[in-house]
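I opened my notebook and went through one chain, topic by topic. Here is what I looked up.

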Amino acid sequence: MKQCKITVFLKDLSIRFRKEVREGSLQATTTVVLCLSMVSFVVILAMFINNNVKKYLVSEDYSYYQLATLTPLSSGSPCPYFLCNSFLSPPSLQPSQFPMTSLRDWVTPKELCHSMNDKELLWRASMVPHIDEYPYNRTPKVAFMFLTRGSLPLAPLWEMFFKGHEGLYSIYLHKSPEFTNQHPESSVFYQRQIPSKCFLQPAEWGRATMIDAERRLLANALLDFSNERFVLLSETCIPVFNFSTIYNYLMNSNQSFLGSFDDPRHTGRGRYNKRMRPTVTLSDWRKGSQWFEAHRKVAIEMISDVKYYPVFRDHCRPPCYMDEHYFPTLVTKISPELNSNRSITWVDWSGGGSHPTRFVRKDVSEAFLNQIRNGFNCTYNGGITTVCFLFARKFHPSTLDSLLRIAPGLLGFRS
């Protein structure tokens, strides 16, 4: 049809051209012809570009669909395509590279892989349903979040601790970027390293990057709606009770366990920066242990903060150590009634200095562990208890053999 119209147009134009020549109006006709030719060229060019753009977009959509749904995971990396620097910004807000086909895929993602940057991740993790009743059978879990420099030398002890309790826990690892070794497929730690676009900037003790790493762990754990309690641990931490005791202790608690106290000494109030006013005042200032445990409601508040974090980032720098002050101050400001103001991870500061005592093989015995387990008094749900610490640190890798020998009998671990 288009070819016929063009043929008629050209034929008519030829007749008019010959007529104009006979009448002596060649110059005017030439001008008209040139104008019409230019208009025709522009129209044809626009149709060509439009058609090719449509083909390109369709091709790109199909290629993305293939990449997101058909590409298998590489054995060398848990997140080969979506871990860092993805150029596909809108799809990156999906918590997994696989398409979600049911509610459970969204509330309990099977894979840790995603391409969200920290800003997107914190926004996504801060979402809270306004209907309290879950539309599925929810079994609450404890999220064990390991913030480590590298490997987990005490992993065999943790493997024994978790054995037989599948479905009641989740594991998340945050390692320094230079450590790329993977746990074997038989391990509970296999492919449990969280994705991050910030691994090129390692977490540094006392600085904002350490808090970034902790919030990143919390946010990834919050993507699983079954996670109810969140424990931050290091590679030197050990459990001092069996899984069932720790699980019940946390699930039945009506408060979180985050150390927060007013320290009048130079290492406490002395670190306060007046530039934090008026957002954070000296009376707000708190200190506490980096190793915390939080209820889901508190964890959401911890990753949702956009008011206090910038103030700490800009004005709490060594000798002010952000990991000792940010969360203790934040929780006291936003939800003090939900916090017990104590840590459940025991550590020995009796030796003085900026780091706690490090325990080696000769230090480990049943008497030593029993002292940690029942040698203190504290409050729990309004009452007094001797079970104050569920975890302990700092244990050197040389303690592993002794711990594995003691654990089945004293701690009730399954061998």
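**A cis bond in a loop**

I began with Lys-394, which lies in the loop between β9 (391-392) and α12. The peptide bond leading into Lys-394 from Arg-393 is cis. Its omega is near 5°. I noted that I am working with a predicted model.

I then looked up a cis bond elsewhere. Pro-318 and Pro-319 are joined by a cis peptide bond. Here omega is about 15°. Pro-319 sits in the loop between α9 (309-315) and α10 (322-334).

**The whole chain**

I stepped back for the overview. The chain has 415 residues, and 45% of them count as buried. I listed twelve helices and nine strands. Next I looked at contacts with a sequence separation of 6 or more. Residues 24 or more positions apart account for 79% of these.

**Positive phi values**

I looked up two backbone angles. Gln-191 is not a glycine, yet its phi is positive, about 55°. I found Gln-191 in the loop between β2 (169-174) and α6 (208-222).

Asn-341 is not a glycine either, and its phi is positive at about 65°. Asn-341 belongs to the loop between α10 and β6 (345-346). Is Asn-341 buried or partly exposed? Its relative accessible area is 43%, so Asn-341 is partly exposed. The buried class would need a value under 20%.

**Two helices side by side**

I turned to α5 (residues 155-162) and α12 (residues 400-411). Their axes come within 9 Å. The axes cross at roughly 15°. Angles under 35 degrees count as roughly parallel. Therefore α5 and α12 are roughly parallel to each other. I wrote down the crossing as left-handed.

Which residues of α5 and α12 meet? From α5 I noted Pro-156, Leu-157 and Met-160. From α12 I noted Leu-400, Leu-403, Leu-404, Ala-407 and Pro-408. By class, this contact has eight nonpolar residues, no polar ones and no charged ones.

**The cores**

I asked which residues have the most contacts inside the largest nonpolar core. They are Phe-144 and Trp-158. This core has 49 residues. Many elements feed into the core: β1 (141-147), α5, β2, β3 (227-233), α7 (243-251), α11 (366-374), β9 and α12 each supply at least two residues. A second, separate core has 46 residues, among them Trp-291, Ile-303, Tyr-308 and Phe-312.

I went back to Phe-144 and listed its contacts, leaving out residues up to four places away in sequence. Phe-144 touches Trp-158, Phe-161 and Phe-162. The list also includes Tyr-169, Ser-170, Ile-171 and Tyr-172. Val-231, Leu-233, Phe-243 and Phe-391 are on it too.

**A buried glutamate**

My last stop was Glu-228, in strand β3. Is Glu-228 buried or exposed? Buried means under 20% relative accessible area. Glu-228 has 16% relative accessibility, so it counts as buried.

What is Glu-228 in contact with, apart from neighbours within four places in sequence? I wrote down Arg-138, Pro-140 and Lys-141. I added Met-251, Ala-294, His-295 and Arg-296.

I also checked one distance. Glu-228 and Leu-250 are 22 residues apart in sequence. In space they are 9.3 Å apart, C-alpha to C-alpha.

Conventions: Residues are numbered from 1 along each chain as its sequence is written. This is a predicted model: local features need pLDDT of at least 70, side-chain atom pairs count only at pLDDT 80 or more; totals for chains, interfaces and linings use all residues. Side-chain values use heavy atoms; hydrogens and water are left out. Axes are lines fitted to C-alpha atoms, for helices over the stretch in contact, and angles run from 0 to 180 degrees between N-to-C directions. Helices (H or I, at least four residues) and strands (E, at least two) are DSSP runs, numbered from the N terminus. Angles under 35 degrees count as roughly parallel, over 145 as roughly antiparallel, 65 to 115 as roughly perpendicular and the rest as oblique. A crossing is left-handed if the near helix is turned anticlockwise from the far one by less than a right angle, and right-handed if clockwise. Contact means heavy atoms within 4.5 Å. Ala, Val, Leu, Ile, Met, Phe, Trp, Tyr, Cys and Pro count as nonpolar, Asp, Glu, Lys and Arg as charged, and the others, Gly among them, as polar. Buried means under 20% relative accessible area, exposed over 50%, partly exposed in between (1.4 Å probe, protein chains only). A nonpolar core is a set of buried Ala, Val, Leu, Ile, Met, Phe, Trp, Tyr and Cys residues joined through side-chain atoms within 4.5 Å.
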